[in-house]
Amino acid sequence: MEVVILADATQIGGVAADAISILLSRKPDAVLGLATGSSPLAIYDELVARCDAGLITFGQARGFTLDEYVGLPADHAERYRNVIDRVFVSRVDFAPGAVQGPDGLAADIPAACAAYENAIRAVGGVDLQILGIGTDGHIGFNEPGSSLASRTRIKTLTRQTRVDNARFFGDDVESVPTHCLTQGLATIMEARHLILVATGRSKSEAVHHLVEGAVSALWPATILQHHPHVTVLLDDAAARRLQLVDYYRETYLAKPDWQGI
Ligand code: F6R
């Protein structure tokens, strides 16, 4: 696990966008794993700028979102399918239908989850997965207690996650759905490169467990310690509880420019 501590979200967006740009130049039909929420917004803004400038294209790329609320109407602004379209997909040049998400309105939820796993498998898996992390240590919506071997399925959101996400629902926690569909931890672990972004003090406890804690279903993101290629991009506030913070900084500073994340 590589830990990179940067000044702010803009720098984080730049470093992540560099990795995605290199991937797309090497593999134009790359499969990207897309997270919603606040953490990846600076990455998406930077990718949009590079696409506008003609530096990169998503014309052959595909995308899969991590998760979706169950039961939000198709036109609801906070439905993750609509969020990812608004903040990223509609602003670049993906082909129509190139980005998919789990179907939170499916009548047969287990069948929809299995179909989603099959769709990811059919394109050869995710090359690069963008992740945020919840204050309770979730990735995707794999809440504490999730099986470390889980696949795409329905989950109940914790009260903490619903409180955290109430800001997107007029600060009304009761308006935040209680359930979601999420890629499982084992699904996420199959992506070839994982880039996890965390900023702000509220994420520092989860980041501490993710990087330096014991692997445990209580802090689901800790499963990433078993992945061979994870990059954790943090600002100072999110990194404040890391014991080896100086080591992570020195290591990144000493890295040759040609060696990406
Ligand atoms: C969203 C997702 C979640 C978020 C996490 C952090 O698709 O999978 O795991 O990444 O809840 O959310 P933010 O970035 O809004 O703090």
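1. The ligand sits in the largest pocket. Keep in mind throughout that this is a predicted model.

2. Around the ligand there are 15 residues. Ser39, Asp67, His138, Gly140 and Lys203 come nearest. By class, this shell holds four nonpolar, eight polar and three charged residues.

3. Which side chains place a polar atom by a ligand oxygen? For His138, a polar side-chain atom lies 2.7 Å from an oxygen atom of the ligand. For Lys203, an N or O atom of the side chain is 2.6 Å from a ligand oxygen. Both His138 and Lys203 are also listed among the residues that come nearest to the ligand.

4. The backbone takes part as well. A backbone N or O atom of Ser38 lies 2.8 Å from an oxygen atom of the ligand. How much of the ligand does the protein bury? Taken alone, the ligand exposes 410 Å², and the protein buries 94% of that.

5. Now the main sheet. It is open and has seven strands, with parallel pairing. The order is β1-β10-β9-β6-β2-β3-β5. Why does one side of β1 and of β5 lack a neighbour in the sheet? β1 (2-5) and β5 (99-100) stand at the edges, and each has a single partner strand, so one side of each is left free of a neighbour there.

6. Look at the β5 edge in detail. Strand β3, residues 62-65, is joined to β5 by two bridges, and the two run parallel. Val99 in β5 is the bridge partner of Gly63.

7. A further set of pairings involves β8, residues 179-182. Three bridges join β8 to strand β4, residues 67-69, and this pair runs antiparallel. Within the pair, Glu68 stands opposite Leu181 of β8. β4 also links back to the ligand: the strand covers residues 67-69, and Asp67 is one of the residues that come nearest to the ligand.

8. β8 is also joined to β7, residues 153-156. Four bridges connect β7 and β8, again antiparallel. Here Lys155 stands opposite Cys180 of β8.

9. One general point for anyone reading side chains off these strands. In a regular strand, the side chains alternate between the two faces of the sheet.

Key. Residues are numbered from 1 along each chain as its sequence is written. This is a predicted model: local features need pLDDT of at least 70, side-chain atom pairs count only at pLDDT 80 or more; totals for chains, interfaces and linings use all residues. Side-chain values use heavy atoms; hydrogens and water are left out. A residue is near a molecule or strand if one of its heavy atoms lies within 4 Å of it. A polar contact is a pair of N or O atoms within 3.5 Å; within protein, one must be able to donate a hydrogen and the other to accept it, and residues adjacent in sequence count only if both atoms are side-chain atoms. Accessible areas come from the Shrake-Rupley method with a 1.4 Å probe; for residues, only the protein chains shown count as cover. On a 1 Å grid over the protein atoms alone, a cavity is a set of points where a 1.4 Å probe fits but cannot get out, and a pocket is an open set with protein on both sides within 12 Å along at least five of seven lines; lining residues have an atom within 4 Å of a point. A molecule sits in a cavity or pocket if more than half of its atoms lie within 2 Å of its grid points. Ala, Val, Leu, Ile, Met, Phe, Trp, Tyr, Cys and Pro count as nonpolar, Asp, Glu, Lys and Arg as charged, and the others, Gly among them, as polar. Two strands pair if DSSP finds at least two bridges between them.
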